[in-house]
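The following exercises ask you to read a structure step by step, with a worked solution after each task. Please have the sequence and the coordinates open before you begin.

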Amino acid sequence: MIVFRYLAREVLFSMLAVSSVLLFIIMSGRFVRYLSKAAVGELDPNVLFSLIFYRLPSFLELILPLGLFLGFLLGYGRLYLESEMTVLEACGMSRRRLIGYSMGPALFIALIVGCLAIFISPYGASETNKIFDEQESRSELESLVPGRFQRQSSSARVTYTDSVTSDGLLGMTFISDKNKSNNRTRVTLAASGDTLLDKERDQRFVVLEDGFRYEGSPGSGDFVELGFQKYGSEITRKDNEIRYDKIEALPTSVLWNSDEPKYRAQLNWRLSLPVLAIVVTLLAVPLSRVNPRQGRFARLVPSILIYLVYISVLSSITSKVGEGQSSPILIWLVHFVFAAFAFNMILFGAFWSRLYNQIPMPTLSMLWKKSS
């Protein structure tokens, strides 16, 4: 048990470091994308951290298997480099026992990934969709950004205000739109504005104060000018029904009872992610065996390429299953092929290591001789 705890701690610490870096990079990119939408008024800045929080499970379900794979490569690679694994083998540590000890962290991570993929990620995706639907259903004035001309997506109205307080009070306001009856341009200028809510009718109104309204056709002189102390107008709000129509947001029970190809593909993808964590462990154990003279990162690049091929083929097959071009059995066939490849390296690892060591690796001296 002491050896098991030592190996598990080495792997999990390396996995935690790698996963943290990958998670920070991905979340930073996604946060910048949401922040850019908030800067132009498409999102309320108050929901940014909620979006990142609900998206976190879907990030982790893909990051953890990769972090586990790199954790084995880096953790076991250090033990081989410092000859600690050689000492363990001299004390009776067989390849079979090493695989058995490695299954401990792998099963633990596979359980976490399974819970994320099957239960938590769909809930986070549905909450994310709900937030986006609520943001899309906001009225025009609720999404105003001070100092920016904004055009409403559902009409040709352009709105500008120089300030918006936390209570919804508007500073100097400019509104330009068209009269649908005569296709004349209407321009409204007001010194200030406010919003009112009629709770009984569930209607919202904007009340502009101390301003002028102009209506006419650009290029002609037949403009009508109207001064007002207070001018009220109803705020139209998009009547969007919140629908969780994205497959990623559907509960696993709904996917299980459906025979549609895209639902079956999503179901098998969720169920295959824990298997992915097990298979990459079987791949990482033989790939982590390095010669101390080669260095700790000798096999890191080819190992990552194998992982990328694995996940790319799996994603491609899942897409074809979703389009109805393939059977879901092919998803599990991909796992079987890479698991067979892993067992091949485990059983015949000495042969493949000798073959790999015979491959000439270019060094700086070789490159210098060729260039000269």
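**Exercise 1. An aromatic pair and its surroundings**

Does Tyr231 count as buried, partly exposed or exposed, and what is its relative accessibility?

Solution. Keep in mind from the start that this is a predicted model. The relative accessibility of Tyr231 is 25%, and since buried means under 20% and exposed over 50%, Tyr231 counts as partly exposed. Next, turn to the partner ring: Phe228 and Tyr231 form an aromatic pair with 5.4 Å from centre to centre and 40° between the planes, which is a tilted arrangement. Finally, apply the cut-off to Phe228, which has 12% relative accessibility and therefore counts as buried.

**Exercise 2. A stacked pair across two helices**

Classify the pair formed by Tyr310 and Phe338, and state which parts of the chain the pair ties together.

Solution. Begin with the geometry: the ring centres of Tyr310 and Phe338 are 4.3 Å apart and the planes stand at 15°, so the pair is stacked. Then locate the residues; because Tyr310 lies in helix H7 and Phe338 in helix H8, the pair ties together parts that are 28 residues apart in sequence. Both Tyr310 and Phe338 are buried. To place the pair in context, note that the structure holds 12 aromatic pairs, and that Phe53, Tyr54 and Tyr123 form one aromatic cluster.

**Exercise 3. The nonpolar cores**

Which residues touch the most other members of the largest nonpolar core, and which elements give two or more residues to this core?

Solution. The largest nonpolar core has 53 residues, and the members that touch the most others are Phe69, Tyr76 and Leu283. The elements that give two or more residues to this core are helices H1 (2–39), H2 (48–81), H3 (84–90), H4 (95–136), H6 (261–287), H7 (300–322) and H8 (329–347). Of these, H6 supplies the largest share, with 12 residues. Now follow Leu283 outwards: apart from neighbours within four places in sequence, Leu283 is in contact with Phe69, Ile306, Tyr310, Phe338, Phe341, Ala342 and Met345, a list that includes both rings of the stacked pair in Exercise 2. A second, separate core has 8 residues, among them Ala38, Leu43, Val47 and Ile52.

**Exercise 4. A nonpolar patch on the surface**

Which residues make the nonpolar surface patch of about 410 Å²?

Solution. In soluble globular proteins, nonpolar side chains tend to be buried together. Against that background, look at the patch of about 410 Å² made by Val21, Phe24, Ile25 and Ile26. Phe24 is placed in helix H1, and because its relative accessibility is 61%, Phe24 counts as exposed. For the chain taken as a whole, the exposed area is about 21,400 Å², of which carbon and sulfur atoms supply 62%, while buried residues make up 41% of the 372 residues.

**Exercise 5. Positive phi outside glycine**

Where are Ser83 and Asp210 found, and how exposed is each?

Solution. Ser83, although not a glycine, has a positive phi of about 65°. Ser83 is found in the loop between H2 and H3 and counts as partly exposed at 34% relative accessibility. Asp210 likewise has a positive phi, near 55°, in a residue other than glycine. Asp210, however, is in strand S5 (residues 203–216), and at 51% relative accessibility Asp210 counts as exposed.

Definitions and conventions: Residues numbered from 1 in each chain as written. Predicted model: local features only at pLDDT ≥ 70, side-chain atom pairs only at ≥ 80, totals over all residues. Heavy atoms only, no water. Core = buried A, V, L, I, M, F, W, Y, C linked by side-chain atoms within 4.5 Å. Buried < 20%, exposed > 50% of the residue type's maximum accessible area, 1.4 Å probe, protein only. Helix = DSSP H or I, 4+ residues; strand = E, 2+ residues; numbered from the N terminus. Contact = heavy atoms within 4.5 Å. Phe/Tyr/Trp six-rings, centres within 6.5 Å; stacked < 30°, edge-to-face > 60°. Areas by Shrake-Rupley, 256 points an atom, 1.4 Å probe, with all protein chains shown as cover. Patch = residues over 30% accessible without salt bridge, like charges linked within 9 Å, V, L, I, M, F, W, Y side chains within 5 Å. Salt bridge = Lys/Arg side-chain N within 4 Å of Asp/Glu carboxyl O.
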